Amino acid sequence: MKSSKRLKDVLDEEYKDYGWIIKKLLQLKAHIIKANVRLDEEGGDDLRWIDRILGEYEEEGYIPMKEELQTANRLWRKYR
């Protein structure tokens with residue numbers, strides 16, 4: 001089976017390098033910020049969402065669920 005780079009597919013595979021997921025989420029955050037998204041404007045919910053996911057990882061070691069990775073993929077397409 002061909003290995004996929006889409007975030008939502010990662011949890012289906014025997015993929016244990018969660019640092020890769022976090023690296024991609026940090027790249028997504030950079031793209032959102034580059035789009036000049038502010039918390040009080042359209043897109044602010046996207047910035048709050050990525051901050052929440054990254055914060056939970058840093059504080060609790062939380063690994064995003066498949067639905068959250070699907071959301072990350074949608075945001076990636078929106079901000080790339």
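Start with the whole protein chain selected: of its 80 residues, 32% are buried, meaning under 20% relative accessible area with a 1.4 Å probe and protein chains only, where exposed is over 50% and partly exposed lies in between. What you have open is a predicted model, in which local features need pLDDT of at least 70, side-chain atom pairs count only at pLDDT 80 or more, and totals for chains, interfaces and linings use all residues. Residues are numbered from 1 along each chain as its sequence is written, and side-chain values use heavy atoms, with hydrogens and water left out.

Now switch to a cartoon view. You will find 4 helices and 0 strands, in the order α-α-α-α along the sequence; helices (H or I, at least four residues) and strands (E, at least two) are DSSP runs, numbered from the N terminus. Turn on the surface next: the chain exposes about 5,600 Å², with 49% supplied by carbon and sulfur atoms (Shrake-Rupley method, 1.4 Å probe). As for contacts (heavy atoms within 4.5 Å), 55% of those between residues at least 6 apart in sequence join residues at least 24 apart.

Next, select helix H2, residues 18-34. Its 17 residues reach 24 Å from first C-alpha to last, close to the 24 Å expected at 1.5 Å a residue; that expected span is 1.5 Å times one less than the number of residues. Show side chains, and pick out the buried ones in H2: Trp20, Ile21, Ile22, Leu25, Leu28 and Ile32. Step just past the end of H2 to Asn36, which takes a positive phi of about 60 degrees.

Which residues touch the most other members of the largest nonpolar core? Select Leu25, Leu28, Ile32, Trp49 and Ile50, which do so within a core of 16 residues. Such a core is a set of buried Ala, Val, Leu, Ile, Met, Phe, Trp, Tyr and Cys residues joined through side-chain atoms within 4.5 Å. H2, H3 and H4 (66-79) each give two or more residues to this core, and H2 provides the largest share, 6 residues. Zoom in on Trp49: leaving aside residues up to four places away in sequence, Trp49 touches Glu68, Thr71, Ala72 and Leu75.

Finish at Asp46, in helix H3 (residues 44-60). Is Asp46 buried or exposed? Asp46 is buried, with a relative accessible area of 10%. Display its neighbours Ile32, Leu75, Lys78 and Tyr79, which Asp46 touches when residues up to four places away in sequence are not counted. The side chains of Asp46 and Tyr79 make a polar contact at 2.6 Å (a pair of N or O atoms within 3.5 Å; within protein, one must be able to donate a hydrogen and the other to accept it, and residues adjacent in sequence count only if both atoms are side-chain atoms).
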